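Me: Could you take a look at this one with me? I have a few questions about backbone angles and helix packing.

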Amino acid sequence: MIARFIKANPVFVIAGLFAIISMFLVPPNAGYASYIDWRTVSLLLCQLMIVQGLMESGFFRLLSQRIVSTVHTTRALGNVLILACFFSSMLVTNDVSLISFVPLTIILFSSSDEKEMLVPVVVLETIAANLGSMLMPFGNPQNLYLYNLSGISGIRFIGLMLPFTLVSLSLILLSCLFLPHKELAGRGENKNISLGQNKRLEGFGSLALLTFCILVVFHIGNVPTLLALSIVFFLFVDRNVFRKVNYILPMTFIIFFILTGNIQSLPGFSDALSNVIKEHEMITAVAVSQVISNVPAAMLLSSFTDNYKALIIGTDIGGLGTLIASMASLISFQFYCGSDKARPGKYIGVFTLFNVIYLIILLLVTIPATGGLAS
């Protein structure tokens, strides 16, 4: 059981070990509480509950059925699924977008005639979810954290990321043109999905909470009210939400807050590291993301620079590249490995090739655009 937990949550475990080591250098004290950005942690917890409520209600299954019901060719189906990941990730995060659409993709492309479509479509879905999520402050965890930390307005955040999002969308649309184009086989699996009254209540309530959550992110409303409403709603409507929420993610944030807070407290170390990354924040964020993924990279580097705009861009683009550059990419990989006759080696090869191409192109666009980026 312990080995399974470590394998499923490597970032949490490794960060926990380093945090414990840092406690020997900076013994626990009253200042530890000030390390933690409770607004970010609370917003993240609310978002996780709300999205889990949408999943439990059957909202995403119903949405998926509606999306694929009108297409008739393999290319059209692939395009719809990929673009659904791109746009849905802006509101429900890249993780949830992939959790919702990758299993459906595996089912739809499971026939022998269309099996060759599976790997490129899932890889492009993953890229689309990681890039689409960068537009909004709540599209992914590192955006939410850096947005709260930077203090910029929601409109300015969207304005900052819009050019890169549009370039990303253009690349995805171009990639979709190369998908095979042929008639789809029969879809006997596509049965009409109907939701019971309680599930409809859960779905509408979760959508209302999601709307309120978005307003709170943009500083309209407050986090305690959102948290209280979310807890009360799911207590009465569906307590399974509390059991299925991924608490590891907010706990990982807390651990990283402690770790980076202790690192900052070490005499001389913080200043030395700040000087190393000064004026290279964006490219440093991309590079560090390749090794420890973009969420930890955002939390670590934000302790040593106040050029948050460069970190936002760098960690978002840094989600491309290696399989661990964005933890959301591992979700797709795990789903694919669980499919019939999966070929993990082929998947990693195609994934790496596509990601490196996208990363190089976006870096070529981004580096000149951010050359004079001020904090």
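Reply: What follows covers two loop residues and then one pair of helices. This is a predicted model, in which local features need pLDDT of at least 70, side-chain atom pairs count only at pLDDT 80 or more, and totals for chains, interfaces and linings use all residues. Residues are numbered from 1 along each chain as its sequence is written, and side-chain values use heavy atoms, with hydrogens and water left out.

Me: OK, what is phi of Ser 293 near?

Reply: Phi of Ser 293 is near 80°, a positive value in a residue other than glycine, whereas most residues other than glycine have a negative phi.

Me: Where does Ser 293 lie, and is Ser 293 buried or exposed?

Reply: Ser 293 sits in the loop between α15 (281–292) and α16 (294–301), and with 1% relative accessibility Ser 293 counts as buried (under 20% relative accessible area, 1.4 Å probe, protein chains only).

Me: And Lys 341, buried or exposed?

Reply: Lys 341 is exposed, at a relative accessible area of 71%, where exposed means over 50%. Its phi, near 55°, is also positive, and Lys 341 is found in the loop between α18 (327–337) and α19 (344–369).

Me: Switching to helices, how do the axes of α15 and α16 cross?

Reply: The axes come within 7 Å and cross at roughly 130°, so α15 and α16 are oblique to each other (neither under 35 degrees, nor over 145, nor 65 to 115).

Me: Which residues meet there?

Reply: Thr 284, Ala 285, Val 288, Ser 289 and Ile 292 in α15 meet Asn 294, Pro 296, Ala 297, Leu 300 and Leu 301 in α16, contact being heavy atoms within 4.5 Å.

How values were computed. Helix = DSSP H or I, 4+ residues; strand = E, 2+ residues; numbered from the N terminus. Axes fitted to C-alpha atoms, helices over the stretch in contact; angles between N-to-C directions.
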